[in-house]
Amino acid sequence: MFYSQCSKAENAILDSLNNCIQPDSLELCVQDVQELITSAAENSIPFKKSGYHKVPWWSVELFCMRKQLNAARRLYQRTKNSVVREVYREIYFQIRIKYKFKLHESKMNSWKSFLADITAQNVWKKVNTYGVKTNFTKRLEISGIEVSSGNFTSLFEDTVDAVLRKSFPCDPNSHDYSQYRVLRSEAELVYESDDDVPFSRTEIDWLYKLEFNPLKTKVMKIFKKSTVDQRINLKLGGVIIEEVHKIKYLGIIVKVQWKEHISYDSSKSEKILLGLLRISNNTFGVKTDVLQLIYKQGILHLISYASRAWGHSLNKKISSRLIRTRRRFLLHVIKGYKTISYEAAGRGSRVV
């Protein structure tokens, strides 16, 4: 649009420029060009719409209430004194309740005025009249299905009956063959029988090829401290199974408390450290990068093995044992004094 308006006046502008002799006439020609560009821009370039709320329910009163609400919220959030802050908080919530109520009221009034202005043929009028006011409780009549007689259903109940007869036809006994009649009669009989005899231990062993060795089987009882420890006699294959207080399974020492397992891991880590120091005495010790690698790949995995099982039972005494073991190894990594703390050793070694 801008180009078309400028192109229409192109010849007139060129003629006026060619006929310019005096400076005053040239000034008038420049003004004409400026007015042409301004008018073309106004007609082709849309103006920026001012204001943020271009909705029918927004009003000056809501604008002022929102400003008041924002000011109350800022005052409440920026107050440091707890007593004064609580007072401002109550004021802020009261203003917010009034603002929300006024906003809802304005929206409802705007919607009602909109419905009052439109005609009855408008779809929104119908939705409000037959939908919102009646909560869509009016039942829709489904009819017009052709039945086998060639007629069409006119009621909802007739339509449902026709659909059921079509989807689930009747299957009388007279239409069955002789073999199907026998199957139908047998299926309708109530079958009663006694429960089967349970499998014996010998049958289970033979079926799954399992053999229990009572000498290699142990039993451990886990109980609370308040429970009296009583010995149990459990037999397997006529042999009494040995009762123990701890069992080592997959590298984990299972006991009522996890203290012994953590002590076992700590002593095992210290043995690894002593072995490294013993074999490296003639070479002025193990290098720092080698110790770091051993600590990351070996000691940490050894100490934290199955920690999801025993990590919840850590207390101050057990944690100190783990920290002591790790600190001893880290001191050799950083080649530091024995007075260095565990946190400082971890920072210096860059492995914690």
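This short talk walks through one predicted protein model, from the whole chain down to a few single residues.

Let's start with the whole chain. It has 352 residues, and 18% of them count as buried. The secondary structure comes to 14 helices and six strands. The accessible surface is about 28,900 Å². Carbon and sulfur atoms hold 58% of that surface.

Now the contacts along the chain. Take those with a sequence separation of 6 or more. Of these, 46% join residues that sit 24 or more positions apart.

Next, helix pairs. Two packed helices are described by the angle between their axes and the distance between the axes. I have two pairs to show you.

Pair one is α2 with α3. Helix α2 covers residues 10–18, and helix α3 covers residues 23–44. They pack at an angle of about 165°. Their axes lie 9 Å apart. How does α2 run relative to α3, roughly parallel or roughly antiparallel? Angles over 145 degrees count as roughly antiparallel, so α2 is roughly antiparallel to α3. The crossing of α2 past α3 is left-handed. Who makes the contact? From α2, look for Ile-13, Ser-16 and Leu-17. From α3, look for Leu-26, Cys-29, Val-33 and Leu-36. Sorted by class, that contact has six nonpolar residues, one polar residue and no charged ones.

Pair two is α11 with α13. Helix α11 spans residues 288–303, and helix α13 spans residues 316–334. The packing angle is about 165°, and the axes are 9 Å apart. Therefore α11 and α13 are roughly antiparallel to each other. Which hand does the crossing of α11 past α13 have, left or right? It is right-handed. On the α11 side, the contact is made by Thr-288, Leu-291, Gln-292, Ile-294, Tyr-295, Ile-299, Leu-300 and Ile-303. On the α13 side, it is Leu-322, Thr-325, Arg-326, Phe-329, Leu-330, His-332 and Val-333. By class, the contact of α11 with α13 has ten nonpolar, four polar and one charged residues.

Now some single residues. Find Ser-106 first. It sits in helix α5, residues 82–117. Is Ser-106 buried or exposed? Its relative accessible area is 16%. Buried means under 20%, so Ser-106 is buried. What does Ser-106 touch, once we set aside its neighbours within four places in sequence? It is in contact with Trp-57 and Leu-62.

Move to Ala-162. This residue belongs to helix α7, residues 156–167. Its relative accessible area is 12%, so Ala-162 is buried. Now look across to Val-147. Along the chain, Ala-162 and Val-147 are 15 residues apart. Their C-alpha atoms are separated by 6.7 Å.

Last stop, helix α12, residues 307–310. Two residues here deserve a look. Ser-307 is in α12, and Ala-309 is in α12 too. Ser-307 has 31% relative accessibility, so it counts as partly exposed. Ala-309 has 32%, so Ala-309 counts as partly exposed.

Each one has a partner to find on screen. For Ser-307, the partner is Ile-262, 45 residues apart in sequence. In space, C-alpha to C-alpha, Ser-307 and Ile-262 are 9.8 Å apart. For Ala-309, the partner is Trp-258, 51 residues apart in sequence. Here the C-alpha to C-alpha distance is 9.3 Å.

Quick recap. Both helix pairs are roughly antiparallel: α2 with α3, and α11 with α13. The first crossing is left-handed, and the second is right-handed. Ser-106 is buried, and Ala-162 is buried. Ser-307 is partly exposed, as is Ala-309. That's the tour.

Key. Residues are numbered from 1 along each chain as its sequence is written. This is a predicted model: local features need pLDDT of at least 70, side-chain atom pairs count only at pLDDT 80 or more; totals for chains, interfaces and linings use all residues. Side-chain values use heavy atoms; hydrogens and water are left out. Axes are lines fitted to C-alpha atoms, for helices over the stretch in contact, and angles run from 0 to 180 degrees between N-to-C directions. Helices (H or I, at least four residues) and strands (E, at least two) are DSSP runs, numbered from the N terminus. Angles under 35 degrees count as roughly parallel, over 145 as roughly antiparallel, 65 to 115 as roughly perpendicular and the rest as oblique. A crossing is left-handed if the near helix is turned anticlockwise from the far one by less than a right angle, and right-handed if clockwise. Contact means heavy atoms within 4.5 Å. Ala, Val, Leu, Ile, Met, Phe, Trp, Tyr, Cys and Pro count as nonpolar, Asp, Glu, Lys and Arg as charged, and the others, Gly among them, as polar. Buried means under 20% relative accessible area, exposed over 50%, partly exposed in between (1.4 Å probe, protein chains only). Accessible areas come from the Shrake-Rupley method with a 1.4 Å probe; for residues, only the protein chains shown count as cover.
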